Amino acid sequence: MMNQKIDKDYLFKTVVRIMGEEMHFDNKQMHKSINILTSVFSDVDFISSKNFLSTERCKDTIIIKNFMGCKKMSGVKENSIEQYLLSVNSLSNFCRKELIDISTDDIRRFLLFYEKSVCKTTADNCRRNLNVFFQFMEDEEYIRKNPVKKIPKIKEEIKYKRFYTDLEIESMRDACITRRELAIIDLLISTGLRVSEISNILLSDIDWENRMIIIHGKGSKDRFVPFSVRCKKHLQEYLSDRGRDISISLFCSMKKPYLKLGKSSINNIIKDVGKRVNLPDITVHCFRRWLASDLNKKGVDPAIIQEILGHSSFTTTQKHYLDKTTNKVCYMHNIYAS
């Protein structure tokens, strides 16, 4: 005999009627009780069975809602939570199982399938997202052990990342046409900021006298980043040209309502300037790598480079931003012997 869904409205009214008779509810109390039951069990399907009512379908919903609440309370940003849930939903759709029943083998099969359509770095990001989620399930005792723990890091392919030369970077500065372009390029050269960080700079964040900007970086971590005298000159010329009072943002559109420049607009400006000097593939991140490599070859303490870039781990700085082909001996020879 197949299980059949139970009419929830009928079930709730029946339960409340029986409770009301026992507890002497009036009509207002009965209506309120029905509304509460309807709200609490909105995501639940009740199924008739020989011995019980099944609420299996609500388990995943409850676990996910609790996970989201936990992460929000921990200060995790919405877009990060969305990435966690995207990975979990992809796994759930692949396995067609309740989350508490998913095994290590299920996750391995999913990652092997997933890896066919993405790069290894993206696949490992998915693995890490799942590890965070299932560790939460273990900590909250939904499951006995985190099934992702046994799955090792997915090793990414080692590819040489393009590091632009000093001459190419300088050519970007020379190719600027407007003062806004020059201000953005010089700020990138001087600070190596992320595109989102540039977009979010407010005029009130800038200490002009000490040439410092307070940056509200990833993970709600603030840091102070210095900028050069030349950068200060170009920023102030740009502000004088556009007018300081039209926007609270450092970089804004040139037409009303003078909204701050978004990430895509800044990236488009970099692309346009790059095309003028035959560097059509240059991005904001290229300046970030160039600055890290330039400071490294000049002998700057790696911990300082990490602080400037706003990395929580030096491994990230070393792995992605320091040019391993840089030869400090040649650099010092060029300075003192040439």
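Two rings of Phe, Tyr or Trp count as a pair if their centres lie within 6.5 Å, with the six-membered ring used for Trp; planes over 60 degrees apart make the pair edge-to-face. That rule is needed for the first stop on this tour of a predicted model.

**Whole chain**

Start with a cartoon of everything. The protein chain has 15 helices and 5 strands. Of its 338 residues, 37% are buried. Colour by accessibility if the viewer allows: the chain exposes about 20900 Å², and carbon and sulfur atoms supply 53% of that area. Among contacts between residues at least 6 apart in sequence, 58% join residues at least 24 apart.

**Stop 1: the ring cluster**

Select Phe-67, Tyr-84, Phe-133, Phe-134, Phe-136 and Tyr-142, and show their side chains. Ring pairs link these six residues into a cluster. The whole structure has 10 aromatic pairs.

Look first at Phe-67 and Tyr-84. Their ring centres are 5.7 Å apart and their planes stand at 85°, so the pair is edge-to-face. Phe-67 belongs to helix 3 (residues 56-73) and Tyr-84 to helix 4 (residues 78-95), so this pair ties together parts 17 residues apart in sequence. Both residues are buried.

Now keep Phe-67 and turn to Phe-133. These two rings also form an edge-to-face pair, 4.9 Å from centre to centre with 70° between the planes. Here the link runs from helix 3 to Phe-133 in helix 6 (residues 120-139), 66 residues apart. Phe-133, like Phe-67, is buried.

**Stop 2: a salt-bridge network**

Hide the rings and select Glu-170, Arg-173, Asp-186 and Arg-230. Salt bridges link these four residues in a network. Side chains of opposite charge can pair when their charged atoms come close. A search of the whole structure finds 16 salt bridges.

Take Glu-170 and Arg-230 first. Their closest N and O atoms are 4.0 Å apart, and the cut-off for a salt bridge is within 4 Å. Glu-170 lies in helix 7 (residues 166-174) and Arg-230 in helix 10 (residues 229-242), so the pair ties together parts that are 60 residues apart in sequence. Are these two residues covered? Glu-170 is partly exposed, with a relative accessible area of 29%, and Arg-230 is partly exposed too, at 42%.Next, measure from Asp-186 to Arg-173. The closest N and O atoms of this salt bridge are 2.6 Å apart. The pair links distant parts of the chain, with Asp-186 in helix 8 (residues 179-191) and Arg-173 in helix 7, 13 residues apart. Asp-186 and Arg-173 are both buried.

**Stop 3: helix 8**

From Asp-186, extend the selection to residues 179-191, which make up helix 8. At 1.5 Å a residue, the 13 residues of this helix should span 18 Å, and its end C-alpha atoms are indeed 18 Å apart. How many residues of helix 8 are buried? The count is 11 of its 13 residues, and the helix is mostly covered. Among the buried ones are Glu-181, Leu-182, Ala-183, Asp-186 and Thr-191. Step past the end of the helix to Gly-192, which follows helix 8 and has a positive phi, near 65°.

**Stop 4: His-234**

Select His-234, which lies in helix 10. Which residues does His-234 contact, leaving aside its neighbours within four places in sequence? The contacts are Leu-182, Ala-183 and Asp-186, and each of these three is a buried residue of helix 8. His-234 is itself buried, with a relative accessible area of 10%; the cut-off for buried is under 20%.

**Stop 5: Arg-223 and Glu-197**

Select these two residues and show their side chains. Arg-223 and Glu-197 meet in a salt bridge, at 3.0 Å from N to O. The pair links distant parts of the chain: Arg-223 is in strand 5 (residues 222-226) and Glu-197 in helix 9 (residues 195-199), 26 residues apart. Both residues are buried.

**Last stop: a charge over a ring**

Finish with Arg-244 and Trp-208. The charged end of Arg-244 sits over the ring of Trp-208, 5.7 Å from the centre of that ring.

Terms used. Residues numbered from 1 in each chain as written. Predicted model: local features only at pLDDT ≥ 70, side-chain atom pairs only at ≥ 80, totals over all residues. Heavy atoms only, no water. Salt bridge = Lys/Arg side-chain N within 4 Å of Asp/Glu carboxyl O. Helix = DSSP H or I, 4+ residues; strand = E, 2+ residues; numbered from the N terminus. Buried < 20%, exposed > 50% of the residue type's maximum accessible area, 1.4 Å probe, protein only. Contact = heavy atoms within 4.5 Å. Areas by Shrake-Rupley, 256 points an atom, 1.4 Å probe, with all protein chains shown as cover. Expected span 1.5 Å × (residues − 1). Phe/Tyr/Trp six-rings, centres within 6.5 Å; stacked < 30°, edge-to-face > 60°. Lys NZ or Arg CZ within 6 Å of the ring centre and 35° of its normal.
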